Amino acid sequence: MLGIVAAVLFFVSFLVNAAEISTNHTFSSVNIMLLGLTALALHIAGIGSGWTRRR
């Protein structure tokens, strides 16, 4: 699930950067990209994957 969130955040970041949309400092393309990287790192770490191995 977090992998999909990361992909969406990267796509939004790309659109903001490619269209050269002027946004405020908290919604810049770099900040969105960093949120995407955080979601991707959490996904790779196994957080939010939904798989449980409890016995």
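## Two helices, face to face: worked exercises

What covers the buried residues of α2 includes α1. Here, buried means under 20% relative accessible area, exposed means over 50%, and partly exposed is in between (1.4 Å probe, protein chains only). This is a predicted model, where local features need pLDDT of at least 70, side-chain atom pairs count only at pLDDT 80 or more, and totals for chains, interfaces and linings use all residues. Residues are numbered from 1 along each chain as its sequence is written, and side-chain values use heavy atoms, with hydrogens and water left out.

**Exercise 1. Work out what the chain is built from and how much of it is buried.**

Step 1: start with the elements. The chain has two helices and zero strands; helices (H or I, at least four residues) and strands (E, at least two) are DSSP runs, numbered from the N terminus.

Step 2: check burial. Out of 55 residues, 13% count as buried.

Step 3: look at the surface. The accessible surface is about 4,600 Å², and 67% of that belongs to carbon and sulfur atoms. These areas come from the Shrake-Rupley method with a 1.4 Å probe; for residues, only the protein chains shown count as cover.

**Exercise 2. Take α1 and find which face is buried.**

Step 1: get its length. Helix α1 covers residues 2-18, so to speak 17 residues, and reaches 24 Å from first C-alpha to last, close to the 24 Å expected at 1.5 Å a residue. The expected span is 1.5 Å times one less than the number of residues.

Step 2: list the buried residues. In α1 they are Ala6, Ser13 and Val16. Down the axis of α1, they fall within an arc of 90°, so they line one face of the helix. The arc is that of the directions from the helix axis to the C-beta atoms.

Step 3: flip to the other side of α1, where Ile4 and Phe14 are exposed.

Step 4: see what comes after. Glutamate 20 follows α1 and has a positive phi, near 50°.

**Exercise 3. Do the same for α2.**

Step 1: α2 (29-45) is what the buried residues of α1 pack against. α2 has 17 residues and reaches 24 Å from its first C-alpha to its last, close to the 24 Å expected at 1.5 Å a residue.

Step 2: Ser29, Ile32, Gly36 and Ala39 are buried in α2. Down the axis of α2, these fall within an arc of 85°, so they line one face of the helix.

Step 3: the face turned away from the buried side of α2 carries exposed Ile44 and Ala45. Glycine 46 follows α2, with a positive phi near 100°.

**Exercise 4. Trace the contacts of two α1 residues, Ala6 and Ser13.**

Step 1: alanine 6 counts as buried at 1% relative accessibility. Leaving out residues up to four places away in sequence, alanine 6 touches Gly36, Ala39 and Leu40. Contact means heavy atoms within 4.5 Å.

Step 2: the C-alpha atoms of alanine 6 and histidine 43 are separated by 8.7 Å, though the two are 37 residues apart along the chain.

Step 3: serine 13 is buried too, with a relative accessible area of 8%. Beyond its neighbours within four places in sequence, serine 13 is in contact with Ser29, Ile32 and Met33.

Step 4: methionine 33 is found in helix α2 and counts as partly exposed, at 35% relative accessibility.
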